[in-house]
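Here is a friendly walk through a two-chain model, with an eye on charged pairs, the contact between the chains and the nonpolar interior. Keep the structure open as you read.

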Amino acid sequence: MNRTLRRRYLRDRVMVGLVGLGTAAVLVPLFFILYYVLVQGIGALDLAFFTRPPAPPGETGGGMLPAIAGSLVVDTLALLMAAVFGVAAGVLLAEYPDHPLNPPLRLVVDVMAGLPAILMGLVAFALVVRPMGHFSGLSGSVALALLMIPIVTRATEGVLKLVPWELTEAGLALGLPRWRVIVNLVLPAARGGILTGLMLSLARGAGEAAPLLFTAFGNPYLTANPLEPMDTLPLKLYVYAISPYPDWHRQAWGAALLLAAAIMAASYLARRAFRR
Amino acid sequence: MSQPYRMETQNLSVYYGKHPGVRGVSLPVHDRRVTALIGPSGCGKTTFLRALNRMHDLTPGVRVEGRVLLDGEDVYAPGVDPVVVRRRVGMVFQRPTPFPTMSIFENVVAGLRLVGVRDRRVLGQAAERALRMAALWDEVKDRLHAPAVDLSGGQQQRLSIARALAVEPEVLLMDEPTSALDPISTQAIEDLLTELKNSVTIVIVTHNMQQAARVSDYTAFFLDGEMVEFDATDRLFTNPADPRTEAYITGRFG
């Protein structure tokens, strides 16, 4: 074997090693976080955690039932809103590139994607909380939806652009109107990618506390009515984590573990949906 | 008023921006006959074909001038809905285009169902009729609800034809429908054309001169965006009037 070739093999091995190191640098902190959350949180996840309302400050025991229920309600509503507006905006961007609303819409989506999450809470406060006169789960959903819409829009636009133009032409050649072609041919062909986008946006929104601070606000009592103030897991995590009570700290770790598990499940489902 | 032709173009030009892809073509399309458009790559025959059912409408920067008469009425006249034009003038593309999320049956009746036909019996009959016309019925009748993408390429192309036929168009435009297919599937589709012309007027673009000679009644020869010659197929192939036509069909270029 000559020297040049040996040097190439050596360089190849060094490069592969560097890539491996970079991968490890990303993965190690991730596993550390997950491991730490698991170790700290697993002890808090007992039956009471899932079935009981919180205990008064300073007392031990109690659970997260209102926050779990609130997260389900607030996140579901947010996902519905994000799906409607996000998919619609994605369709406009991808399928009607010459529409006069297209450039301003693209600008708005880009700006929204870059805004700090807490600003979305402020907007929802002005749009929903002020007119209603009080905090509500619904206003929290609006705040989260504002955060999620750009994610859904971009995912929808991207995946719609991957649908072959021939499919649209085949539909038009049958004498179908354009909107029919989009609703019944193009969107179904792209549904896997759109579902992935929805799941990713849910994963993003479900973990946010900041936009909910002055919208959903929090509520120690169980309610399924989104017109009332509502608790969610990230809100509870935040409140408990900055409290002085050790038992609340313990439960905050439990909430963190539950959130991490739920978001990982959503990401996993998103990937599976895309593969199909 | 007598209408000698099913379709007719009068001085039709298609521009891509400023560049003319088709220049001043006047072509008659005889009722229930097969008209073939031949010519070398880039000669404008596909561009011309797509102008006949307004498929250029959605492509930015494409402008159509001149007239396309369907039963004597200009399909580009103001107030004419391109959707209505395309229902009467169907199209089959070069590559098979099965709708990927639908079954064989759903594909065939898509053009009916998506405009509101709900009656299962009507849909079932339309599907069988269209699949029989497209010579696909015997191959798929036992698996109508299987995914359309499971079919072979040749079957997918015949499915595309069946789907186009199910809405009962008066004219069927075919853009090199066999260029992506093997010889056996090509043969099946050519046989089909001979059957179809009893009920449908057909305009077919083809690269393949033998195919044009086999299946068509009239042939138009295109070159550089212009129609050089139009005649009955046997006359055009045996006794071309223009030396360029002769050069092309004798294989001296293209």
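## Salt bridges, interface and cores

In chain B, the side chains of B:Glu139 and B:Arg158 come together in a salt bridge, with 2.8 Å from N to O. B:Glu139 belongs to helix H5 (residues 137-140) of chain B and B:Arg158 to helix H6 (residues 153-166) of chain B, so this pair ties together parts that are 19 residues apart in sequence. B:Glu139 is partly exposed, at a relative accessible area of 35%, whereas B:Arg158 is buried, at 7%. Please bear in mind that this is a predicted model.

A second pair sits in chain A, where A:Arg250 and A:Asp247 meet through their side chains in a salt bridge of 3.0 Å, N to O. What separates these two residues along helix H11 of chain A? They are three residues apart in that helix (residues 246-275), which means a separation of about one helical turn. Here A:Arg250 is partly exposed, with a relative accessible area of 32%. A:Asp247 has 12% relative accessibility and counts as buried, because that falls under 20%.

Over all chains, the structure holds 26 salt bridges. Some of them join up: B:Arg6, B:Asp31, B:Arg32, B:Asp71, B:Arg88 and B:Glu170 are linked in a network. Three individual pairs are set out below.

| Salt bridge | N to O distance |
|---|---|
| B:Arg50 and A:Glu169 | 2.4 Å |
| B:Glu139 and B:Arg158 | 2.8 Å |
| A:Arg250 and A:Asp247 | 3.0 Å |

Now to the place where the chains meet. How many salt bridges does the rule find across the interface of chain A and chain B? There is one, and A:Glu169 forms a salt bridge with B:Arg50, their closest N and O atoms being 2.4 Å apart. This pair crosses between chains, running from helix H1 (residues 45-52) of chain B, which holds B:Arg50, to helix H7 of chain A, which holds A:Glu169. Are these two partners buried or exposed? Both B:Arg50 and A:Glu169 are buried.

The contact as a whole draws 20 residues from chain A and 24 residues from chain B. About 1,800 Å² is buried between the two chains, and carbon and sulfur atoms give 72% of that area. On the chain A side, A:Glu169, A:Ala173 and A:Leu174 lose the most area to chain B, together 32% of what that side buries. A:Glu169 therefore turns up twice, once in this list and once in the salt bridge within the 4 Å cut-off.

Two residue pairs are in polar contact across the interface, both at pLDDT 80 or more. Helix H7 (165-173) and helix H8 (178-189) of chain A each supply at least two residues of the side that touches chain B. H7(A) gives the most to that side, with eight residues. Sorted by class, the chain A side has 11 nonpolar, three polar and six charged residues.

Finally, the interior. The largest nonpolar core has 75 residues, and B:Leu37 and B:Phe48 have the most contacts inside it. Helix H6 (residues 137-162) of chain A supplies the largest share of this core, 10 residues. Leaving aside neighbours within four places in sequence, B:Phe48 is in contact with B:Thr9, B:Leu12, B:Val22, B:Val25, B:Leu27, B:Leu37 and B:Phe222. Another core, of 48 residues, lies apart from the largest one; B:Ala166, B:Leu192, B:Val200 and B:Ile249 are among its members.

Technical notes
Residues numbered from 1 in each chain as written. Chains lettered and ligands numbered in written order. Predicted model: local features only at pLDDT ≥ 70, side-chain atom pairs only at ≥ 80, totals over all residues. Heavy atoms only, no water. Contact = heavy atoms within 4.5 Å. Buried area = accessible area lost by both parts, 1.4 Å probe. Polar contact = N/O pair within 3.5 Å; in protein donor to acceptor, adjacent residues only side chain to side chain. Helix = DSSP H or I, 4+ residues; strand = E, 2+ residues; numbered from the N terminus. Nonpolar A, V, L, I, M, F, W, Y, C, P; charged D, E, K, R; others polar. Core = buried A, V, L, I, M, F, W, Y, C linked by side-chain atoms within 4.5 Å. Buried < 20%, exposed > 50% of the residue type's maximum accessible area, 1.4 Å probe, protein only.
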